[in-house]
Amino acid sequence: MKKAKDIIRKIRIGCKKSCRCVCRADILSRVILGVAILLMVVALGLVFFYKSGTISNVFVPKESHTVVEVKSGDTLSKILSNEGFSGKDIESISKMLKKEVGLTTLYANKDKIDFIRDDETKPISKIVIIKGPWNRVEIDCGQPDVWQCQNIEIERDTRVTYREGEILEGDSFYLAGMRAGIPAGILADVYDLLAFEMDFERDVRAGQKFYVLYEENFAADNTKVDTGHVLAVSFEALRGRVQMYRFKKADGTVGYYDESGNGAIKSLKRTPINNAKITSSFSSRRKHPVLGFTRAHKGVDFRASTGTPIPAAGAGRVIARGFNRGHGNYVKIRHNGTFETLYAHMSRFAKGVNVGTAVKQGQTVGYVGSTGLSTGPHLHYEIIKNGQHVNPMTVKLPAINNLDNANKKVFMERKTQIDAAVEELKLNPKNIVRL
Ligand SMILES: [Zn+2]
């Protein structure tokens, strides 16, 4: 507008008021003004249509997505049938998925299916089965009766993050970890690891420092999607510094090792239930709370609410499952030729756990209760070594997975890399470090 007026002014300055070119200049000025107004109206119109989304439909064909979340009880057939696929199509798609990408099951509340049309009026041209943030299966339905599918792994950028913290007066490790900004899932993994070496009730004191180095996965657009593995943990416990490093052996098995390369994951856990308060320790003599007279307490009591799952302290085979007056409902597991563990006062047993059942470390064998001679819901936990009851908090436990010399050499190199990453991120937390 301003420009148009300037041009008109210039034209006017160029001639005398009385001359005939004044009329010409006036006509020209009106034409220019008219064109300018027209251009502005068109521009405003374009802005309006673009904002309302109409323009993208006019210029770019818009893909239409229908995303279905897999719910409990859903099957692929049911979902495809709801989207109008014929029985014959459903059969060929299911067969192809099984044969080409080994997909037979959908997971409720996790998997999603995206039905894509080139535009709303067109038939479905692609089906994308979204299996978590990093994996999807694409089915091309471009031509009638011809199906093609492929597994697509989404590229992720794994970076490492360092977090450090300190236990304050009246703190628990959990609270201090949350305050340090450690994500809940990573903190749970750290707990599981430290539980092999520490008794959280007795080893945690104000002033102790700790750090965790863990992975975070980023998508191509630089957004943080989820966390990966714990790479290193360090905790200044009362008994000395506990340090663990994640390491993959030449055969592909992954484990955690201390700074000298000794297996950090033990065949048994001292505290099967993480973060549970010890209400009674192992002792050869104590006054029994129900019986009233003094007798040995052959295990450790952990306070936990009724129904809390009780995980097996280590892998083994169930050798007893039953009820007696003292223990109430109990389960006993033999882990190897040396160790057995016993879990008492259960409210109920876990499904499928019977005498003879093989259990994994961490597998739920029953649920906390107060059956037998018990004053309230708790887990009574015993470790029996060569037939003798031992103190779960102090007994020396064997490592599952020690390293041979060749693996130990590689481990030491890996440890050096991890330590260097810790030092770098300690100084410059914003640096991007990949390991
Ligand atoms: Zn007890």
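**A guided look at one chain**

Visitor: Leaving aside neighbours within four places in sequence, which residues is lysine 224 in contact with?
Guide: This is a predicted model, in which local features need pLDDT of at least 70 and side-chain atom pairs count only at pLDDT 80 or more, while totals for chains, interfaces and linings use all residues. Residues are numbered from 1 along each chain as its sequence is written. Two residues are in contact if their C-beta atoms, placed from the backbone, lie within 7 Å. With those sequence neighbours set aside, lysine 224 is in contact with Glu216 and Phe218.

Visitor: Does lysine 224 count as buried or exposed?
Guide: A residue is buried if 20 or more other C-beta atoms lie within 10 Å of its own, exposed if 12 or fewer, and partly exposed in between, with C-beta atoms placed from the backbone. Lysine 224 has 12 C-beta neighbours inside 10 Å, so it counts as exposed.

Visitor: In which strand is lysine 224 found?
Guide: Helices (H or I, at least four residues) and strands (E, at least two) are DSSP runs, numbered from the N terminus. By that numbering, lysine 224 belongs to strand 8.

Visitor: What distance separates the C-alpha atoms of lysine 224 and arginine 159?
Guide: Along the chain, these two are 65 residues apart. In space, their C-alpha atoms are separated by 9.9 Å.

Visitor: Which residues touch the most other members of the largest nonpolar core?
Guide: A nonpolar core is a set of buried Ala, Val, Leu, Ile, Met, Phe, Trp, Tyr and Cys residues joined through C-beta atoms within 7 Å. In soluble globular proteins, nonpolar side chains tend to be buried together. The largest core here has 35 residues, and those touching the most other members are Val190, Leu193, Val212, Leu213, Val230, Val233 and Met244.

Visitor: How many residues are in the other core, apart from that one?
Guide: Among its members are Ile273, Ala344, Phe349 and Tyr367. The size of this other core is 28 residues.

Visitor: Which residues of helix 7 are buried, and what do they line?
Guide: The buried ones are Ile186, Leu187, Val190, Leu193 and Leu194. Seen down the axis, they fall within an arc of 120° (the arc of the directions from the helix axis to the C-beta atoms), so what they line is one face of the helix.

Visitor: What covers the buried residues of helix 7?
Guide: Val190 offers a good example, since leaving aside neighbours within four places in sequence it is in contact with Gly177, Val212, Val230 and Val233. For the buried residues of helix 7, the cover includes helix 6, strand 7, strand 8, strand 9 and strand 10.

Visitor: Over how many bridges do strand 18 and strand 22 pair?
Guide: Two strands pair if DSSP finds at least two bridges between them. Strand 18 covers residues 339–346, and eight of its eight residues are buried. In this strand, alanine 344 stands opposite histidine 380 of strand 22. Strand 18 and strand 22 run in the antiparallel sense, with a bridge count of six.

Visitor: Which strands stand at the edges of the open sheet with the order 15-21-19?
Guide: This open sheet has three strands and antiparallel pairing. Each edge strand has a single partner, so one side of it is left without a neighbour in the sheet; these are strand 15 and strand 19.
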